[in-house]
Each structure stands twice: as structure tokens, then as C-alpha cells.
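Trainee: Could you take me closely through one part of this model, the helices and how they pack, and then set that part in the context of the whole assembly? I would like a connected account rather than a list.

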Number of protein chains: 4
Amino acid sequence: MKNYAIIRIHCPDQSGIVAKVTDFIHRNNGNVLDLDQHTDRGEGRFFMRVEWDLANFTIPQEQIETVFQIELATPMQMEWSLDFTDRKSRMAIFVSRASHCLFDLLARHSAGELDVDIPMIISNHKDLEHIAEKFEIPFYHFPITKETKAEQEAKEFKLMEEQNIDFIVLARYMQILSPEFTVRYPNRVINIHHSFLPAFAGAKPYHAAHSRGVKIIGATGHYVTSELDEGPIITQDVNSISHHDSVESLVQKGKDVEKIVLSRAVKAHVDRKTLVYKNKTIIFN
Amino acid sequence: MKNYAIIRIHCPDQSGIVAKVTDFIHRNNGNVLDLDQHTDRGEGRFFMRVEWDLANFTIPQEQIETVFQIELATPMQMEWSLDFTDRKSRMAIFVSRASHCLFDLLARHSAGELDVDIPMIISNHKDLEHIAEKFEIPFYHFPITKETKAEQEAKEFKLMEEQNIDFIVLARYMQILSPEFTVRYPNRVINIHHSFLPAFAGAKPYHAAHSRGVKIIGATGHYVTSELDEGPIITQDVNSISHHDSVESLVQKGKDVEKIVLSRAVKAHVDRKTLVYKNKTIIFN
Amino acid sequence: MKNYAIIRIHCPDQSGIVAKVTDFIHRNNGNVLDLDQHTDRGEGRFFMRVEWDLANFTIPQEQIETVFQIELATPMQMEWSLDFTDRKSRMAIFVSRASHCLFDLLARHSAGELDVDIPMIISNHKDLEHIAEKFEIPFYHFPITKETKAEQEAKEFKLMEEQNIDFIVLARYMQILSPEFTVRYPNRVINIHHSFLPAFAGAKPYHAAHSRGVKIIGATGHYVTSELDEGPIITQDVNSISHHDSVESLVQKGKDVEKIVLSRAVKAHVDRKTLVYKNKTIIFN
Amino acid sequence: MKNYAIIRIHCPDQSGIVAKVTDFIHRNNGNVLDLDQHTDRGEGRFFMRVEWDLANFTIPQEQIETVFQIELATPMQMEWSLDFTDRKSRMAIFVSRASHCLFDLLARHSAGELDVDIPMIISNHKDLEHIAEKFEIPFYHFPITKETKAEQEAKEFKLMEEQNIDFIVLARYMQILSPEFTVRYPNRVINIHHSFLPAFAGAKPYHAAHSRGVKIIGATGHYVTSELDEGPIITQDVNSISHHDSVESLVQKGKDVEKIVLSRAVKAHVDRKTLVYKNKTIIFN
């Protein structure tokens with residue numbers, strides 16, 4: 001497996017950023033594989049993702065961060081992150097009772113399409129344990145009540161820390177996370193909401209969609225923040241419906257959109273193609 | 001031009017409705033051209049649209065309504081309407097300053113694709129008068145202020161009554177109608193809202209969409225009721241966007257969806273393919 | 001489980017068909033649950049699907065076919081079929097090496113969303129045997145070479161007959177079936193082709209799409225006929241792509257469309273909502 | 001109006017291209033407004049579009065081409081073009097009898113959404129002359145027969161040269177252009193084909209789509225080359241259809257897709273966001 005560096009940057013818009021960053025890579029013998037930049041003129045903010053091959057890069061991998069900080073990040077007031085493709089992300093999946101998103105993620109993982117490790121599936125119900133077993137992934141059951149919530153979440157944190165979990169996917173997990181989740185995993189908890197947000201936030205969106213008589217339903221993959229269903233949107237998609245659809249058929253049709261949208265959002269995150277700024281998500285090419 | 005009858009029915013669900021209605025047509029020598037029915041089990045309500053050729057129909061056109069009422073509608077507690085295709089609907093268009101929906105409607109009308117008469121374009125601004133002139137349609141300017149609103153609307157009602165207007169299309173008309181509009185033209189005022197409702201109801205939906213960071217925008221054609229942006233939805237469509245889009249480019253991209261969605265909604269109405277029940281719209285084939 | 005009758009009919013267009021069929025059901029105390037009809041004026045052909053509750057139906061289930069044939073089908077020259085919902089369809093899945101469609105079908109089946117029995121998975125490769133095991137479905141390996149094809153297919157036929165297979169799903173099965181398949185299972189073999197047919201029929205459609213520089217890819221679920229990729233289309237869907245996509249990323253994106261489209265086609269077939277006439281498929285509501 | 005430079009480049013992939021080009025702009029005091037690059041690894045080819053503000057650029061506008069050629073284009077074997085936004089493109093529209101695409105282009109132009117000059121509409125029929133008059137654009141009638149084709153096209157070339165036409169839009173022009181068109185206007189003739197190519201190339205695509213029983217129709221905006229319907233695709237879109245659609249309704253539904261797709265293709269061209277390489281079109285952000 002080749003080792004590439006991926007850098008994601010945002011900073012105040014200013015002249016010469018692309019020139020300086022690409023010159024840094026070029027002059028240290030890196031070969032740029034992918035570069036995508038975006039300037040938000042309204043915000044006066046510059047965003048960039050660059051991926052380069054480390055094969056002949058003259059700065060040792062463990063020193064890149066320091067050198068880049070001094071030479072470029074500090075002078076240009078960058079907020080930035082650096083990742084290397086030689087290390088797999090470690091993903092925890094949270095589920096409740098609906099199986100479609102879990103199956104979709106595990107099927108992709110099993111087919112080698114999702115380049116992560118999945119050390120655990122966590123659930124507040126035992127219903128999907130048999131799926132975890134099918135795919136030989138450890139399943140942890142943490143039933144949640146109002147009274148036990150804090151205590152059970154503490155156990156989940158402990159478990160995830162022991163297993164070096166990088167990010168969490170809520171694959172139709174029907175519990176509201178306590179704020180500590182987003183403090184510990186900022187922009188690292190991905191949820192699928194079963195509506196095209198901001199329409200039908202909250203519980204039972206298909207009932208609400210049926211009641212309102214909409215002609216399109218959708219799903220939204222987003223990062224979880226402390227405000228329910230208000231986090232930065234990663235991806236959305238929709239499906240046409242008609243007056244023939246009952247709530248039950250909306251739920252069925254919705255599942256197809258949900259699982260595809262969630263898997264797309266997870267893939268964008270895993271490929272380090274997302275960058276959150278002020279509750280919006282840049283999706284790089 | 002052939003003369004067809006179109007009947008739209010809804011009534012409590014009960015056994016034998018289709019059999020009785022189609023038998024009525026068949027035994028009076030009518031030839032069914034199109035039939036579409038729908039049963040809403042949750043509501044226990046039956047809906048049907050039937051179109052039949054009047055060429056050999058043995059009941060005279062002007063008596064169909066009476067006969068049908070006695071034989072079928074009363075016994076089966078139907079609410080229903082009957083239309084004939086030998087009479088064109090008369091449509092008033094209301095606009096403000098944005099031209100795209102107006103152009104789209106007039107271009108279709110000019111090409112013979114929209115089978116209505118358009119005796120008037122009404123506007124609170126003079127900006128689009130030149131378009132009305134291009135297409136040789138009378139243009140009426142009714143500027144609206146808080147103070148003059150009631151008086152100006154009264155003039156609009158008078159004008160529309162004189163001209164036997166059947167229904168009204170708000171082609172990006174940026175004034176909230178007084179409740180009297182919907183009293184006079186119930187399920188006969190079609191609006192285009194520039195978002196996929198219920199997301200971003202109210203003013204400036206593209207600003208709101210940009211601010212929320214959604215990945216999809218849309219438009220909604222709906223009947224106007226006394227509650228703003230809450231009327232029964234006729235049709236919706238969407239367009240993908242990205243972080244590259246500014247508010248201005250959302251407005252641009254949105255226009256393409258708006259005009260297509262509005263024209264589809266108008267066409268469904270003109271073809272008598274819509275039926276409103278409890279704030280939802282059945283769209284027949 | 002309630003027992004419903006589903007009748008699918010096509011016949012020369014003539015006056016009174018709906019009236020007579022619905023009267024037949026009504027007068028024998030059946031309650032129509034769903035009715036969808038279509039008239040193809042160009043062909044002069046009438047199509048209908050009716051579903052009714054058998055709870056109080058006065059004709060015994062095993063005699064319906066005979067009575068209907070005499071009273072209606074013969075006089076009106078109908079071609080028709082009758083099914084009852086108290087018997088599950090039995091489906092064989094054929095696969096080769098790609099797992100995404102198989103996973104999608106089995107995940108739905110496992111979640112109770114696909115109301116069929118799956119007595120067997122047949123493959124010309126052993127690659128996906130582990131998936132069959134996960135879902136505890138018998139897996140049969142029939143490697144195919146030019147020389148062994150006829151002999152192996154004969155074994156497949158025998159096996160499917162013993163197991164009373166009703167229809168076959170080719171879930172990315174990379175072998176061309178011999179004509180005998182379509183003789184034995186006319187309009188009962190469903191294939192997923194990985195392009196929006198008729199574009200890119202034949203092998204390697206994603207390579208062809210990449211080479212042609214299209215901006216949209218798609219997938220087609222269709223019944224298999226003796227002519228490759230020419231059978232009646234059940235459902236299609238598409239996905240936007242760009243110049244950034246390599247053949248590999250087209251294949252990846254295509255998988256999402258393929259599995260959804262195939263499952264939709266299978267569901268339409270299982271629900272008896274398809275009717276093939278002259279190489280086209282009517283899809284009833 | 002601000003004056004920006006837009007450069008579009010392609011060259012063999014090599015290390016340091018972005019660094020050198022952005023450094024060139026930066027060190028001459030240009031401010032990069034937009035940059036989009038793409039590397040086609042299969043082809044070993046690099047593509048880039050850069051837009052920068054000329055306000056403080058130290059190289060005089062008329063010398064940029066020469067300096068860039070010497071400093072960068074020659075050493076890096078670039079094929080490239082340079083445009084300035086202070087000059088409007090001049091567009092000729094060719095039509096026959098269908099009005100929808102023409103109306104859509106002119107409505108946008110009239111609303112200030114299409115930043116071009118339109119000095120002429122050319123047609124082989126007089127049907128749409130009244131639309132040209134509505135929008136006060138000169139209309140030229142060049143009827144074409146087999147015998148007069150060469151002669152009439154010669155007149156068209158003369159007229160377009162006199163009027164400094166930059167590019168041509170075939171807005172449902174139902175004549176095959178002679179090869180000389182593409183010699184004179186390489187990648188400068190934009191056509192709308194009324195199918196999602198490569199499906200249904202050639203005449204009467206909606207008839208073919210109806211006959212094949214597809215469930216999706218589409219339209220393709222592409223550059224015209226000497227091979228009919230084989231030129232590089234700029235943009236495509238689709239619309240769902242059903243067995244209810246006749247050829248006539250396909251034509252109607254198709255018009256909505258055609259006009260939107262054509263206008264999108266024209267806008268991408270006008271904004272210099274297209275780059276053709278080996279019969280494919282890169283569409284920059």
C-alpha cells in the first residue's frame with residue numbers, strides 16, 4: 001500500500017496560498033496527486049485539500065507537521081490537519097433495531113470497499129446482535145434508560161478509548177447522545193437522519209412527511225453537534241413519492257435512500273474529503 | 001376538438017364504487033378513456049378520476065350532473081366535480097419582478113402546450129410589462145401598499161370576475177394574498193415556493209438554504225390556503241448543489257427548478273388531474 | 001396473513017371492461033383493495049391489475065380461475081393470470097463474484113422486507129459461498145465452461161424443479177444463459193444490467209461509459225429474453241458522474257444504483273405489479 | 001465590470017505545475033479567484049483552469065499571452081487558452097421549428113442571466129421568426145435542400161464572420177451540419193440531442209425510447225464534431241417516465257429536460273468552464 005499525505009487547510013483568504021503550499025510540496029520532492037481548493041468570498045475564507053505521494057518526499061513523515069506549522073500554517077493563520085494513508089481509521093457503529101444501514105456498511109466493508117477497521121458495534125438493543133455475529137464483529141449491548149444513560153455512556157467512552165476509535169457512525173441509532181459525545185468526538189460522529197433536513201427534523205419524519213403530503217422524501221448524512229439534527233450536512237439525497245404511499249411504504253422507500261446516503265457520508269469522511277467550517281461541510285473532490 | 005367528460009370523485013370507501021361508476025358510463029354508451037382510482041386506507045376514503053368520450057353518450061351533456069347526482073353521488077355520499085374538455089380554462093397570472101416563471105408559462109402557451117386562455121397578467125410592479133406586450137397579453141398594474149392592499153385586491157377581484165377567471169397562477173408573485181383570495185378561489189390559486197417545503201418556508205429560502213449548508217435545493221408547486229406555504233402540495237423537484245454555490249448561484253439554479261415545477265403543477269391542474277383532500281393533493285395519472 | 005387475489009389482465013381495448021371485471025368481484029362479495037388500469041391507444045390494448053380481499057368472496061378459491069375464464073376471459077379475449085397472496089414465491093439467486101446485489105437482496109430478506117422463500121443461491125464461482133453461509137441459504141457451485149455449459153444448466157434446471165422455483169434473479173451473474181432458461185422461465189428471469197439500456201449493452205459498460213465521457217451512469221432491471229440485454233425493462237435509475245471519475249469509481253458508484261434497481265425490480269415482480277406485453281413492462285401502482 | 005483573466009491549460013502530467021502557474025500569477029501581483037485542476041492518471045494528463053483578478057496585475061493584458069507562453073507553456077508543453085471577461089462572447093442560435101430551447105435561451109438573455117451578445121438567429125424555416133421579432137434579434141432564413149446546402153452554408157459562414165460570431169448553439173436545429181462547420185468552429189458548436197447519449201443517437205429518439213420501453217428519458221448537450229451525435233458531452237440530465245407515456249408525452253416531457261440541459265451547456269461554455277480533450281469534456285467548477 002502506498003503512503004500518501006493528505007492535508008486539509010482553512011485560513012483567511014489571502015494572496016498566494018496555493019502557490020506557497022504547492023511550492024512547499026514541490027520543493028521537498030512531493031508529487032501532488034490531488035488538489036482541490038475553494039474560496040468562500042462571503043466569509044473571506046480559503047479552503048484546500050492536497051494529497052501527495054510521500055515516496056520521495058524529503059521531509060521525514062514524523063517531521064512534516066512541525067515543518068509545515070512553522071513555514072506555512074503559522075504565517076498564514078491556518079487551521080489544518082494532516083493525515084497519512086498508511087493508517088486505517090477505526091470506526092464504531094451504533095445501532096438500535098433497524099438493520100438496513102448496518103447491513104449496507106458491513107457488506108461494503110466485507111467487500112473491501114470501506115477502508116476502515118470496525119472493532120465494535122454498540123447497541124441499546126439486542127435485535128441486531130445476529131448481524132454482528134454474521135460478520136464476526138464484537139457486539140456490545142448497552143441498554144439505556146433515563147437513569148442509566150450517563151453511566152452507560154461512560155462505559156461506551158471507556159470501550160472506545162481502549163479500542164482507539166477515531167469516529168462513530170450512528171446507523172439509525174435511536175438515542176440522543178449526551179453532549180459529551182460531541183466534545184470527545186467533534187466532527188467525528190456521523191448520523192443519518194431520515195429526512196432532507198431541515199424539513200422534518202426530530203422524531204418520526206416519515207409520519208410527518210405523509211401528513212404534510214410532500215411529493216419527495218429524503219435522507220441527510222451529517223455530523224452530530226450538541227443541537228439535535230442541526231449539525232453540518234455532509235450529503236443528502238431524495239426519492240420521489242406519491243399519494244399512493246402509506247407511512248409504511250415511505251419507511252420502506254426511505255431505507256434505500258438512508259443507507260446509500262449514510263455510506264456516502266462515511267466514505268467522504270474516511271477519505272478525508274470533508275472539512276467543517278461554521279456548521280457547513282466542504283466536500284472536496 | 002373532441003369532447004370528453006372528466007369526473008373527479010371522493011367518498012367514504014365502500015364496496016362496489018368502481019363497478020357502479022363504470023357501469024353508469026358503460027350502460028349510457030360512454031367509452032372510458034382513462035380511469036385512475038386510489039384508496040387511502042388510513043382515512044377510509046376513496047378517490048377516482050374517470051375520463052370518457054361523450055360522442056355516443058346517451059345522457060345529454062347538460063343533464064349528466066343531475067343524473068349522476070341522483071343515481072350515484074347521493075347514495076354513495078360523493079363529493080365530486082364534472083368538467084368537459086370543450087371549454088378552455090381561463091387563467092390569470094400574477095407576477096412581481098422575476099421573469100423566469102412568466103416566460104416559461106407564456107412560451108408554453110405560445111407553443112400550444114398549455115391549453116388555457118390567459119386574459120390577463122396582474123402585477124404589483126411594472127418591470128415585466130414588456131413581456132406581456134411581447135406576448136400580447138393585457139397587463140394590469142396594481143401597486144400594493146399596506147394601506148391600498150384591500151382596495152387594490154377588490155379591483156383585481158372585479159377584473160377577474162368580469163373576465164371569468166377560473167384559476168390564478170402566482171408566478172413568483174411576492175405579495176401575501178388576503179384570505180379572501182382563497183375563499184373566492186379555493187384550490188384554484190397555484191403558487192410556486194422556491195424551496196422544497198416544508199423546509200425553508202417563508203421569505204428568502206435560498207439565503208436560508210445557503211446558511212444551513214444543505215446539499216439539495218428545490219421548489220414546490222402548491223395550492224394556496226389561508227396559511228402561508230402550508231397549502232396542499234401538487235409537485236416538487238430538487239437540484240443538487242455544493243459548497244461552491246453562493247446565494248446568487250442558488251437563486252440561479254433554483255430558477256430552473258421553479259419554472260419547471262410551476263409549469264408541471266399548472267398542467268396537472270389544467271388537465272384536471274388534481275384532487276385536494278384534507279390538505280393533500282392526489283395527482284391522478 | 002390475509003389472503004388476497006391478484007388478477008392481471010390484458011386484452012383488446014373494448015368498452016366496459018372495468019365495469020364487467022369490477023362487477024364480477026363486487027357481485028361475488030369481493031372487496032377491491034387496489035385497481036390500476038392502462039389503455040395503450042397506439043396498440044389498442046387494455047391492461048389491468050385488480051387485488052381483492054377473499055375473506056367473504058363467494059366463489060371458492062380453487063374455482064375462481066374456471067369461473068372467470070368462462071364469464072369474462074373468453075368473451076373478452078383476455079390473456080390473464082391469477083395469484084393468491086397466501087403462497088410465497090420461491091426465488092433462486094444466481095451470482096458470480098460481485099457481492100453487492102446479493103448482500104442487498106439477502107439483507108432485505110433477512111429484515112422481512114422481501115416476501116419470498118430463497119431455497120438456493122447458484123454460482124459459477126465459489127467466491128460468495130461465505131455469504132450464503134452467513135445467511136444460511138444453500139449454495140450450489142456449478143462452474144461453467146463452454147464444454148460443460150449444457151450439462152451444468154441441466155443440473156440447475158433439475159435442482160430448480162425439485163425446489164419449485166418460481167423465478168430467478170441474476171444478481172450480477174456473469175454468464176449468458178442458454179435460450180432454454182427463457183423458455184422454461186418466460187418473464188421469470190430478472191437481470192440487472194449495469195448501464196441505462198439501451199446505452200452500453202454488452203460487456204464492460206463502465207469502461208464504455210468512461211471512454212465515451214458520459215455525465216450520467218445508470219442501471220437497468222429487466223426480464224431476460226433470448227436476445228442479450230434486449231428484454232423488457234422493469235426499472236432504471238441513474239447517478240451523476242464527472243470527469244473526476246475513473247473506471248474504478250464508476251464501478252463503485254454504479255454498484256449503489258445496481259443494487260437498488262435490482263431490488264426494486266424484484267419487489268415489483270414479487271408483488272405481481274409487472275405485466276409484459278410486446279417487450280415492454282407495465283408497472284402497476 | 002471587473003476584468004478577470006481565465007486560463008485553461010492541459011499538458012503532460014508532471015511535478016510542480018500548480019506551483020509554477022500559481023507562483024506566476026502571485027509574483028506578478030494577480031489575485032487568484034478560482035482554481036480547479038484535474039489529473040487524468042490513465043491518460044497521464046493534467047488539466048487546470050485558473051481565474052484571477054487583473055486589477056493589480058503587473059503584466060499588461062496584451063502581453064500576458066506572450067510572457068506565459070515563454071515562461072510556462074513552452075517548457076511544460078501546455079496546450080492552453082486565455083480569455084478576458086471584459087469581452088462578451090458573440091453567440092449565433094440556429095433553430096428549426098421547435099421553440100422551447102430558443103425561448104429558454106432568449107428568456108435568460110433578456111433577464112441578464114446569459115452574458116453574451118446574440119447578433120443573429122438563423123433558421124431553415126420561418127416558423128420561429130415571430131419569436132426573434134419579440135426579442136428584437138435579427139432573424140435570417142436560410143432554407144436548405146440537398147442542392148442548396150453548400151451554397152446556403154457559405155452564406156451563413158459569411159454572415160457569421162461579418163458579425164464576429166464566437167460560437168454557435170443548435171437549439172433543436174434539424175439539419176446535419178457539413179464538416180466545414182466543425183473545422184471553422186472546433187468545440188464551438190453546441191448541440192442539444194434529445195436523448196441521453198449514446199442511447200438513441202440519430203433521428204426520432206423519443207419514438208425509439210417509446211418503442212424500447214425505457215423508464216427514463218434524457219437529453220445531452222454536446223460539442224458537435226464531424227461524427228453525428230458522437231461529440232464530447234458537456235452535460236446530461238434525465239426524467240422518469242412510465243408506461244402511461246405516449247410518444248407525444250415523451251416529447252413534451254423531453255422538452256423540459258432539453259431546454260434546461262442546453263442552457264446549462266451554453267452557460268458552462270460562456271463561463272469558459274469547459275475543456276475538451278480526446279472527445280471528453282472536463283467541466284471545471
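Mentor: What follows begins with one helix pair, moves to a helix at a chain contact, and ends with a strand residue and the relation between copies. Please keep in mind throughout that this is a predicted model.

Let us start in chain A, where the axes of helix α3 (residues 100–110) and helix α8 (residues 247–270) come within 9 Å and cross at roughly 45 degrees. An angle under 35 degrees would count as roughly parallel and one of 65 to 115 as roughly perpendicular, and α3(A) and α8(A) are therefore oblique to each other. The crossing in which α3(A) passes α8(A) is right-handed. On the side of α3(A), the contact is made by A:His100, A:Cys101, A:Asp104, A:Leu105 and A:Arg108, while α8(A) contributes A:Lys255, A:Glu258, A:Lys259, A:Ile260, A:Leu262, A:Ser263 and A:Val266. As general background, an α-helix has 3.6 residues a turn, so residues three or four places apart point the same way.

For a single residue in a helix α3, we can turn to chain C, where C:Leu105 is found in helix α3 (residues 100–110). C:Leu105 has a relative accessible area of 0% and is therefore buried, the cut-off being under 20%. Leaving aside neighbours within four places in sequence, C:Leu105 is in contact with C:Met91, C:Ile93, C:Leu114, C:Val169, C:Ala171, C:Leu262, C:Ser263 and C:Val266. One of these partners, C:Leu262, is 157 residues away from C:Leu105 in sequence, yet their C-alpha atoms are 8.6 Å apart in space.

Helix α1 takes us to contacts between chains. Helix α1 (residues 17–27) of chain B and helix α1 (residues 17–27) of chain C pack at an angle of about 140 degrees, with their axes 8 Å apart, and α1(B) passes α1(C) in a left-handed crossing. The contact is made by B:Val18, B:Ala19, B:Lys20, B:Thr22, B:Asp23 and B:His26 of α1(B), together with C:Val18, C:Ala19, C:Lys20, C:Thr22, C:Asp23 and C:His26 of α1(C).

In chain D, the buried residues of helix α1 (residues 17–27) are D:Ile17, D:Val18, D:Ala19, D:Val21, D:Thr22, D:Phe24 and D:Ile25. The buried residues of α1(D) pack against β1 (4–12), β2 (31–40), β3 (45–53) and α2 (64–73) of chain D, and also against α1 (17–27) and β2 (31–40) of chain A. After α1(D) comes D:Asn29, whose phi is positive, near 70 degrees.

A strand residue can be read in a similar way: B:Ser123 lies in strand β6 (residues 116–123) of chain B, and at 0% relative accessibility B:Ser123 counts as buried. A polar atom of the side chain of B:Ser123 lies 2.8 Å from the backbone oxygen of B:His125. Beyond its neighbours within four places in sequence, the contacts of B:Ser123 include B:Val95, B:Phe139 and B:Pro143.

Finally, the copies themselves: a rotation of 180 degrees, with 0.0 Å of shift along its axis, superposes chain B on chain A with an RMSD of 0.0 Å. The two copies are thus related as by a two-fold rotation axis. Of the residues of chain B, B:Ala199 comes closest to that rotation axis, at 2.2 Å for its C-alpha, and the same surface serves both copies, with 97% of the contact residues of chain B recurring in chain A. Chain D is likewise superposed on chain B by a rotation of 180 degrees with 0.0 Å of shift along its axis, and here D:Lys134 is the residue of chain D that comes closest to the rotation axis, at 2.7 Å (C-alpha).

Technical notes. Residues numbered from 1 in each chain as written. Chains lettered and ligands numbered in written order. Predicted model: local features only at pLDDT ≥ 70, side-chain atom pairs only at ≥ 80, totals over all residues. Heavy atoms only, no water. Helix = DSSP H or I, 4+ residues; strand = E, 2+ residues; numbered from the N terminus. Buried < 20%, exposed > 50% of the residue type's maximum accessible area, 1.4 Å probe, protein only. Polar contact = N/O pair within 3.5 Å; in protein donor to acceptor, adjacent residues only side chain to side chain. Contact = heavy atoms within 4.5 Å. Least-squares fit on C-alpha atoms with pLDDT ≥ 70 in both. Axes fitted to C-alpha atoms, helices over the stretch in contact; angles between N-to-C directions. Parallel < 35°, antiparallel > 145°, perpendicular 65-115°, else oblique. Left-handed = near helix turned anticlockwise from the far one by under 90°.
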